Amino acid sequence: MVHYNEFQAIVLAGGKGSRMTELTAGQPKCLLPIANVPMIWYPLQILERSGFKEAIVVVSELTKFEVSAALDKLGLKIKLEIVGIPGAEDLGTADSIRLIHEKIYTDFLVISCDLIANIDISKILNLYRKHNASITALMLPVPKVPDDFVTPGPKSKQKPETDLIGIDNNTGRLVFLASASDFEETFNISQRLLRRHTNFTVHSKLMDAHLYIINKWVLDFLVYNKNFTTLKGELLPYIVSKQLSRPKSVDDRNTSMVQVDLKEDIFRFAVEKPLDKLIRKMSAFNDHSTDLEEAYYGDIIRCYGHISNEKFGLRANTVQMYHFANAKILEWWGANGKTTEQLALLPNISSTATIHSTQMQECYVDDNSTIEEKTSLKHSYIGSNSVVESKTRVSQSVIMGHVTIKQRCVIHNCILCNGCTIEEGTELKDCLVGAQHIVTSGSQHSREVLTDADRLIEF
Amino acid sequence: MIDSPPEKINESVLKLINNIHYGDVKGTYNIVLATISVLKEIINNTEWNTAKDLMDSITLNGKYLIEALPLEASIGNMVRRTLQIIREEYILELKNKTEETDPQESLHKILTAENDQQIDFNTSVPSLKSALLEHIVEFETELETCLENITEQASEHIHSNEIIMTIGKSKLVEEFFKKAASTRAFDVIVAEGGPFLNGHEMAVNLAKAKIKTTLISDVAIFAMMSRVNKVIIGTHTVMANGGLRAISGVHTVAQAAKHYSVPVMVLLPLYKLSPLYHSSYKQNGFNKHVSPMQGVIDSANTQLLEKVHAYNPVFDYVPPDLVTLFISNIGGNAPSYIYRLLSELYHPDDYEL
Amino acid sequence: MCKKDVLQAVILADDFTTSLTPSQNIFPSILMPVINVPLFDYMLETLIKSRIQEVFLYCSSHIDLLKEYVKVKNYKGTAISLIISDGCSSLGDALRDIDTKGWIRGYFILIRGNTFVTADLKSLLNAHCLKVEKDKGATMTMVLRNLGSTKNSYMSEEASLVVSDKSSNKMLYYTKLKNSEKKVKLELNWFLDHSEIELNTCYLDTHIYLCSPSVLPLFADNFDFQTMDDFIRGVLMNEEILDSRIYWQQLDVEDYALPITSWKAYHMLTQDILRRHSFPLVADAFSSLKNFIYMPQSTYKHETALAKGCVLEKDCILGLNSALGNNTKVARSVIADHCIIGSNVNIRNSYIFSNVRIKDNCTIVNSILFPNCIVRYGSQIDGCILCPEIDVAARSQYIDIIVESQSSGVSKTKMLELEVNDEFLYFKNNKLAECDNCSTESSSSEEDSERDSPIPDDTNMFLSEVIDSLLRGYQDKLNCENLILEINSSRYAYNVTIREVTYNVIKAILSLPLHYLAETKTPVNSQNYQKNLKAIITYFNPIILNYVKNENAQDDCLRAIEDIASTTDELLPYTQHLLNQFYDRDILSEEKILEWYESTSEDADVFHSKVRNAVQPFIKWLREAEEDSTESDND
């Protein structure tokens with residue numbers, strides 16, 4: 001088989017959404033709707049726009065059919081190969097990649113299914129190509145959640161994770177990567193790093209978007225070295241820290257005396273191709289001008305970080321972010337000067353939906369749903385096969401598929417998962433209703449998670 | 001200026017030196033005006049009895065000025081010019097003859113006129129002072145109109161649809177182009193003039209004046225020259241042999257122009273014409289070597305700075321054979337004619353002060 | 001904010017350090033001659049150009065010299081007043097003293113006397129005032145110069161870490177990087193409180209501080225602020241309590257500034273001025289340095305200087321009325337006024353102050369000769385500092401010493417013996433082992449990498465240290481005794497036993513040719529190795545003798561030879577010659593060699609026998625010789 005692709009694309013969609021179990025109880029995380037579209041559509045759409053013709057989607061074996069059925073409906077032009085991995089829910093991202101390594105024959109792009117962003121990845125690809133990097137990562141500004149934004153469910157004291165990301169001001173090299181939670185009050189930074197990169201910025205309001213372009217040798221290393229389970233948490237920091245190291249030269253006589261153990265190290269994999277070496281030696285190019293060192297300081301391992309300045313970009317991996325994405329997606333998508341048409345592969349109101357309501361503002365209604373008379377819907381998404389009965393008010397809510405809302409309900413700022421039923425006269429405010437749950441009639445809830453407890457355990 | 005000056009030097013001269021040294025007076029034209037006003041003050045305010053006294057005083061002060069600011073040749077030119085004015089007025093006053101109607105002395109006359117040598121300047125002429133001041137005011141007016149006189153000629157030299165190259169920034173060249181652009185359309189190619197890159201500003205100014213302008217890097221000068229009709233540049237000084245002291249990069253332009261037989265025109269207000277020669281390769285007093293950190297090498301690279309010698313001369317010397325025409329305020333002149341202009345402007349005795 | 005009538009600057013004539021020993025005994029730092037002109041001349045030119053109207057010169061020593069100097073000079077529009085306080089001994093005391101005088105009314109520029117600057121101070125101060133408009137608590141703005149990277153440069157010891165907020169340039173942490181510390185500790189809160197933090201090591205403190213009026217009271221209130229570093233640290237630590245913040249400002253890229261913090265910096269400053277980096281404060285453009293002729297390769301000659309038949313190679317200047325004899329060579333040096341230098345003199349990297357006389361055939365390298373010294377015929381001076389009025393006798397040889405004349409006579413101090421806390425940095429041997437450091441610690445930079453690379457134990461560290469010292473010593477032809485000192489100090493640093501020292505030193509010497517060949521980029525083969533080994537052993541003979549003194553040491557020596565020979569193919573065929581050499585030099589005794597040869601180690605492996613096979617011919621010869629000698633004894 002002749003492979004001519006420069007990059008392969010891998011979409012990681014096997015996660016179980018461990019930070020938002022309330023929502024993922026009923027369906028795979030990658031199929032959670034954002035503006036009535038499964039969230040995996042967003043990364044796929046990014047790939048498609050950047051000219052990728054094929055992509056590998058890694059999902060859990062259990063959900064393979066469900067996902068592939070959902071993907072077929074999306075009508076994407078990109079050719080998808082869906083790979084199911086048994087037990088993918090419990091595997092780390094690096095493990096998943098390791099398991100499918102036979103399918104990867106060249107440099108590849110890894111994107112997570114929860115990346116909701118409107119970015120142009122050609123810039124990141126170019127950054128990668130320009131420096132023949134080992135890993136290039138995309139950094140997004142941490143989205144600013146307005147103070148008045150209320151996440152459905154009880155108040156959580158979940159502190160957002162803070163990454164410390166050090167990027168060289170002159171060369172764009174990713175020189176330092178750590179999570180703030182790894183440190184207590186202080187942390188050390190090596191003097192060699194400081195002296196080598198004399199001018200770099202540590203960002204704390206950026207997040208790793210989990211979009212990487214990875215060199216083939218890193219995969220070989222990953223396959224060999226089974227200790228790494230995640231890309232973001234383990235592999236990337238390791239590779240970043242290894243940038244300063246030098247391979248132990250084979251003809252260095254020190255080794256014969258000091259008895260270095262011949263344990264395989266990363267430099268067995270990170271080998272500069274002879275042609276690249278020749279080009280580097282003969283070229284006058286240098287990536288920095290502040291000293292007389294050769295280009296890249298002779299480093300073979302080079303990591304780069306691309307900081308996207310797009311206003312919009314987040315990872316929908318928590319309930320807060322998921323809800324936030326739903327709330328803001330239209331505004332963002334439109335704000336970029338691109339019409340919502342791009343997003344709306346589905347019309348606002350599906351043709352098969354039955355609408356009798358006269359009071360609807362900025363609502364999306366999916367196939368086969370029924371909205372009865374005398375209802376009021378504002379800023380909400382109604383999934384397929386749902387029913388909203390009369391005299392009910394719904395605002396700022398996400399209603400997934402097969403949901404039934406009976407008469408005289410008031411639903412404000414809620415997430416209603418697949419197949420749940422809200423009985424008559426219920427008032428829900430800032431609530432999250434789990435899949436298949438039935439909310440008894442006349443009840444009033446505020447800031448609660450309403451699920452069948454046993455169901456959570458089952459998954 | 002820290003060290004104490006000799007006593008005989010006029011206060012205003014010292015002030016002028018400081019002003020120029022610390023950058024309060026900038027640009028050749030302003031320096032020339034300031035110098036003339038200082039010299040006028042010396043004539044006006046110091047005590048002198050005879051023309052000889054005055055000339056000695058002017059020479060002394062002038063010499064001090066020139067030594068303090070060796071690069072500003074136009075200062076010396078003004079001193080020489082003033083001395084020449086004193087001579088002329090003295091002779092006129094002395095002989096009380098006004099029949100000399102022809103203001104331009106002929107070549108024959110210069111060659112035969114030896115009587116100047118024997119003139120005794122020790123005679124006291126009371127009316128000399130007022131006559132001098134009058135003449136200097138006249139000269140100042142001449143200076144003021146000087147630039148205008150040059151730009152007036154623009155339409156004679158720039159024709160429709162021509163492509164003209166220039167380098168760096170010169171106020172005079174800019175005005176020259178603008179004047180020409182008021183009546184016809186033409187293209188200007190501006191070489192950026194590294195390392196100072198003044199050409200950028202020039203290109204912006206020209207473009208604002210709706211002249212079709214192209215900015216090129218200095219390395220492209222030769223490549224672009226083949227399509228150029230004319231090179232028009234300014235200069236800092238013109239030496240006695242017709243050679244130029246102009247910003248660095250002009251030599252490249254002139255050489256390229258020579259190769260493609262493109263005429264090189266130099267705008268020359270006459271106060272820039274100096275009776276000096278470029279004599280030595282030790283460029284002391286001819287060139288100004290500024291810090292290489294001003295555009296030549298990156299100052300944020302100490303390792304490089306420690307290891308290399310980098311030079312950053314401000315001026316180029318352009319030999320006269322590369323110049324086609326000087327456009328001065330009294331018309332166009334070939335470089336070979338410079339000696340004639342010189343002898344009209346200055347007295348040979350004053351060449352060396 | 002800054003609407004005030006007079007621009008004020010405070011200059012501290014002294015910098016209260018001894019890093020320029022012995023110059024602090026001769027003149028205050030502000031009168032330190034740089035290219036024959038006191039530093040103050042350059043400073044004044046900058047002050048006048050920046051239109052600073054009022055300058056307070058704080059004098060604490062050499063007051064007469066300063067008074068004299070200030071009297072002679074003529075200033076345009078700048079009033080200079082002296083503040084005299086004899087015996088003040090720190091920057092903090094000086095500022096507290098100035099505070100009590102109450103002459104400083106508003107924003108002012110604080111300049112430490114050892115600095116050189118060409119920038120426009122007025123616009124810098126205006127920039128500080130803009131910061132004050134945004135943040136009332138901005139007490140001080142430091143002016144920093146971007147050096148790029150200080151690695152492998154004269155300034156490598158000056159490297160400092162600046163941690164600041166990227167958007168506002170607010171300083172969070174400032175410290176000098178010390179080579180001894182591999183890690184720098186940073187507070188996590190800085191990063192969490194600010195979205196973008198810049199970490200810079202490319203900046204150099206120019207010793208120019210733009211101050212708000214609150215600086216002086218801060219000094220007055222905190223008696224423990226002695227140095228500027230104290231002040232910065234103190235303010236940064238108690239930012240909230242003091243409600244004061246420090247900012248920094250980068251010097252314009254075309255401007256130049258350098259404080260003379262050591263002789264190295266002095267050397268660098270002079271070179272930079274000669275190379276015109278500091279334009280317009282350069283010879284022939286600056287009024288105090290007039291009438292110089294600028295020649296190629298950055299050489300300058302005063303119009304009155306005589307230099308016929310001599311070679312001014314590069315980066316040098318010849319002052320007023322100085323004369324050089326025939327065939328004299330000068331490179332990277334300054335020769336001040338009225339110096340008379342004979343023929344066949346070689347002057348490199350040296351500073352010769354006024355009225356020095358140097359007779360024929362002398363060599364002056366890496367040295368500083370203060371005024372009125374005399375160096376007589378054929379002397380050699382390398383890496384020395386001669387204080388004023390020193391008379392060096394003919395054919396003497398001075399290396400690495402400071403010569404001072406005292407009432408009791410001439411005192412000589414070895415540079416190595418100066419106290420460490422003096423921060424004395426001399427420009428000789430600039431190329432420190434820093435690049436070697438990098439290669440040895442290359443894999444120990446981060447925790448992760450430390451984890452899977454073998455952690456070098458102390459003995460291995462010691463070994464690599466010894467190799468470094470010896471390699472450098474061999475390349476720079478250093479004195480063996482100094483190297484022994486160096487090895488011994490490493491020994492204590494790594495706590496290595498004396499037997500291991502011997503073993504490792506021999507090991508180091510034997511492996512040295514490989515490192516040397518790698519350094520000089522010569523291909524490694526047996527021939528080159530042997531040739532170099534021979535030269536190295538000859539050169540380091542004193543060191544070997546020093547360590548291999550007793551029988552135990554001989555054992556260690558042999559053990560080392562065996563270990564190296566068994567792993568290094570280049571050495572193996574040469575081992576017998578090596579033993580022979582050691583035998584000839586009385587390093588190894590016959591008995592010991594034979595004893596070693598016959599000893600069969602418990603795990604008699606391949607290597608063991610390999611080495612023994614290789615040395616067989618020599619042993620054979622040795623035995624025969626032994627028999628001969630015993631026979632002859634018998635006769």
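What follows walks through a predicted model, from chain A and the nonpolar cores to the domains of chain B and a handful of backbone details.

Chain A is a good place to start. Its secondary structure comes to 12 helices and 33 strands. The chain runs to 459 residues, and 48% of them count as buried. As for how the contacts spread along the sequence, take the pairs in chain A that are at least 6 apart: 58% of these contacts join residues at least 24 apart. Where chain A meets chain B, the contact draws on 4 residues from chain A and 5 residues from chain B. On the chain A side, that breaks down into 1 nonpolar, 2 polar and 1 charged.

The nonpolar cores come next. The largest of them holds 279 residues, and the members with the most contacts inside it are Val11(A), Ala13(A), Met39(A), Val110(A) and Ile11(C). Val11(A) gives a feel for the packing: leaving out residues up to four places away in sequence, Val11(A) touches Ile40(A), Pro43(A), Leu44(A), Ala55(A), Val57(A), Val58(A), Ile111(A) and Cys113(A). Another core lies apart from the largest one and has 78 residues, among them Val190(B), Leu270(B), Phe315(B) and Leu322(B).

Chain B splits into two pieces, domain 1 (11–149) and domain 2 (153–345). Their C-alpha centres sit 29 Å apart, and the contact between them takes 18 residues from domain 1 and 18 residues from domain 2. On the domain 1 side, the elements that give two or more residues are helix H2 (28–45), helix H4 (73–95) and helix H7 (128–152) of chain B. H4(B) gives the most, with 8 residues. Sorted by class, this side of domain 1 has 9 nonpolar, 7 polar and 2 charged residues.

On to the backbone. Most peptide bonds are trans, and most residues other than glycine have a negative phi. A few spots in the model go the other way. In chain B, a cis peptide bond joins Gly194(B) and Pro195(B), with omega at about 0°. Pro195(B) belongs to the loop between strand S2 (187–191) and helix H10 (199–208) of chain B. In chain C, Phe279(C) and Pro280(C) are also joined by a cis peptide bond, and omega there is about 5°. Pro280(C) falls in the loop between helix H9 (263–274) and strand S16 (292–295) of chain C.

Positive phi values turn up at Arg447(A), where phi is near 50°, and at Asn36(C), where phi is near 75°. Arg447(A) is in the loop between strand S32 (444–446) and strand S33 (449–450) of chain A, while Asn36(C) is in the loop between strand S2 (33–34) and strand S3 (37–38) of chain C. Arg447(A) counts as partly exposed because 15 C-beta neighbours lie inside 10 Å. Asn36(C) has 24 other C-beta atoms within 10 Å, so Asn36(C) is buried.

One last loop in chain C, between strand S32 (391–392) and strand S33 (397–399), holds Ala394(C). Ala394(C) is exposed, because 12 other C-beta atoms lie within 10 Å and the cut-off for exposed is 12 or fewer. Still, Ala394(C) has partners beyond its neighbours within four places in sequence: Arg376(C), Tyr377(C), Gly378(C) and Ser379(C). Ser379(C) is 15 residues away along the chain, and the C-alpha atoms of Ala394(C) and Ser379(C) are separated by 5.7 Å.

Terms used:
Residues numbered from 1 in each chain as written. Chains lettered and ligands numbered in written order. Predicted model: local features only at pLDDT ≥ 70, side-chain atom pairs only at ≥ 80, totals over all residues. Contact = placed C-beta atoms within 7 Å. Nonpolar A, V, L, I, M, F, W, Y, C, P; charged D, E, K, R; others polar. Domains from an automatic or database assignment. Helix = DSSP H or I, 4+ residues; strand = E, 2+ residues; numbered from the N terminus. Buried ≥ 20, exposed ≤ 12 C-beta atoms within 10 Å, placed from the backbone. Core = buried A, V, L, I, M, F, W, Y, C linked by C-beta atoms within 7 Å.
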